[in-house]
Every structure is written in structure tokens, then in C-alpha cells.
Amino acid sequence: FIGILTLASYRVDIIMVNYLTNYENTAIYSIALRFTLAISTFYFILIRFLYPLISKKIENTDKIEKIFKRVIGITIVFTIIIFTFFLFFGDYLLIIFGTFYLKSKSILLTLIINLIFIIILELSINHKYIKNNFYEIIKISSFYIFMNLSLNYFFIKNYGFYFASVATVIS
């Protein structure tokens with residue numbers, strides 16, 4: 001069940017763009033999302049490597065906090081580097097798919113910023129998972145999905161599909 005919630009939480013925005021707009025907008029958003037998911041793989045691998053380390057230190061909250069702060073710091077630095085790279089060179093990568101997809105650059109940059117918040121959420125969920133707080137994970141994931149659905153609906157309806165990425169960052 002938790003896996004389904006996690007999968008749903010990463011797909012809410014594209015589902016809402018598809019539902020509330022058209023296929024062209026979905027394609028534009030999808031390209032930005034695919035780049036972001038590819039980049040986020042690095043972050044998820046980092047967390048998976050840290051999982052055993054965190055599990056060993058579960059009783060020592062000072063060490064866990066130190067690990068979390070270090071990971072968040074690394075994430076922020078890498079995200080700034082990735083953001084800067086895509087700010088200056090993103091057009092060259094997006095044009096591979098055609099000039100039509102250059103429209104997805106602002107979405108891509110917004111979703112890259114969201115990587116910082118994803119890593120914080122993932123660390124929190126992993127910490128709760130280690131402590132067997134599955135109910136907390138379900139509550140957090142359900143709240144995130146509800147908030148993301150609501151904000152996506154509001155932003156897409158009122159400001160257009162480009163703001164689905166803003167809704168994702170806020171939620």
C-alpha cells in the first residue's frame with residue numbers, strides 16, 4: 001500500500017495536467033518530468049546507501065541528525081549545480097526532442113528545485129520506516145497526495161499547466 005502511495009505521489013502532476021488540459025501540454029510537462037526523474041535517481045541511490053547506516057544509528061538521534069544535515073547539504077549543492085547547468089544548457093538537451101519541447105524548460109527548472117524537498121521527504125519517510133511508523137508514512141503520503149491534487153487543480157485551472165510544477169513544489 002505504501003508503495004502505491006509513493007508511486008501515486010510522483011505522478012499526480014502529470015495525471016492532473018493530462019486530465020485538465022490536452023495531450024500537447026501533457027507531452028511538454030512529461031519531458032520535464034522525465035529529466036527530473038532521471039536526475040532524482042542519483043538522490044534515491046544516495047538514500048538507499050544511507051539506509052543501513054541510518055538503521056544502525058537509530059537510537060543515536062544526534063548522529064542521525066548529523067547524517068541528515070550532511071545529506072541535505074550535499075543535495076542542495078548538487079541541486080544548485082544541476083539547476084545552473086539546465087539554466088544555461090537545458091535548451092540544448094531539450095531540442096533533441098524537437099523545438100516544441102523547449103517550452104518545458106521553466107517546468108524543468110521548477111521541478112529541479114523540488115528535488116531538495118523530495119530528499120527531505122524521503123529521509124523523513126525512511127526514518128519513520130526504520131522506526132516502524134507505517135501509519136505516519138501513510139498519513140504523510142496521503143496528505144501530500146491530497147494537497148498536490150488540490151493545488152494542481154487550482155493552479156492548472158487558474159494559471160495553466162506550467163504551474164503544475166509550482167503546485168508540486170508547494171505540496
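How many salt bridges does the structure hold? In this predicted model, the structure holds 2, and they make a handy starting point for a walk through the helices.

Let's begin with the pair formed by Lys105 and Asp91, whose side chains meet in a salt bridge with an N to O distance of 3.7 Å. Lys105 belongs to helix α4, which covers residues 105-130, while Asp91 belongs to helix α3, residues 61-94, so this salt bridge ties together parts that lie 14 residues apart in sequence. The two partners can also be placed by their accessibility. Lys105 has a relative accessibility of 15% and therefore counts as buried, the cut-off being under 20%. Asp91, at 34%, counts as partly exposed.

The other salt bridge joins Glu136 and Lys139, with 3.5 Å between the closest N and O atoms. Here both residues sit in helix α5 (residues 134-159), and their spacing of 3 residues is about one turn of the helix. Glu136 is partly exposed, with a relative accessible area of 30%, and Lys139 is partly exposed too, with 40%. As background, side chains of opposite charge can pair when their charged atoms come close.

Now let's turn from charged pairs to the nonpolar interior. The largest nonpolar core has 37 residues, and the members that touch the most others are Tyr29, Ile39, Phe86, Ile107 and Ile112. Helices α1 (2-20), α2 (23-56), α3, α4 and α5 each supply at least two residues of this core. Which helix gives the largest share? That is α2, with 10 residues. In general terms, nonpolar side chains tend to be buried together in soluble globular proteins.

Tyr29 is a good residue to click on next. Setting aside neighbours within four places in sequence, Tyr29 is in contact with Asp13, Ile14 and Val17, with Ile107 and Leu111, and also with Phe161, Ala164, Ser165 and Thr168. Among these partners, Ile107 is itself listed with Tyr29 among the core members that touch the most others.

A last stop is Thr79, which lies in helix α3. Is Thr79 buried or exposed? With a relative accessible area of 3%, Thr79 is buried. Not counting residues up to four places away in sequence, Thr79 touches Tyr43 as well as Ile112, Ile113, Leu115 and Ile116. Ile112 also appeared above, as one of the core residues with the most contacts to other members, and a look at Thr79 therefore brings you back to the core, given that this buried threonine touches Ile112.

Methods. Residues numbered from 1 in each chain as written. Predicted model: local features only at pLDDT ≥ 70, side-chain atom pairs only at ≥ 80, totals over all residues. Heavy atoms only, no water. Salt bridge = Lys/Arg side-chain N within 4 Å of Asp/Glu carboxyl O. Helix = DSSP H or I, 4+ residues; strand = E, 2+ residues; numbered from the N terminus. Buried < 20%, exposed > 50% of the residue type's maximum accessible area, 1.4 Å probe, protein only. Core = buried A, V, L, I, M, F, W, Y, C linked by side-chain atoms within 4.5 Å. Contact = heavy atoms within 4.5 Å.
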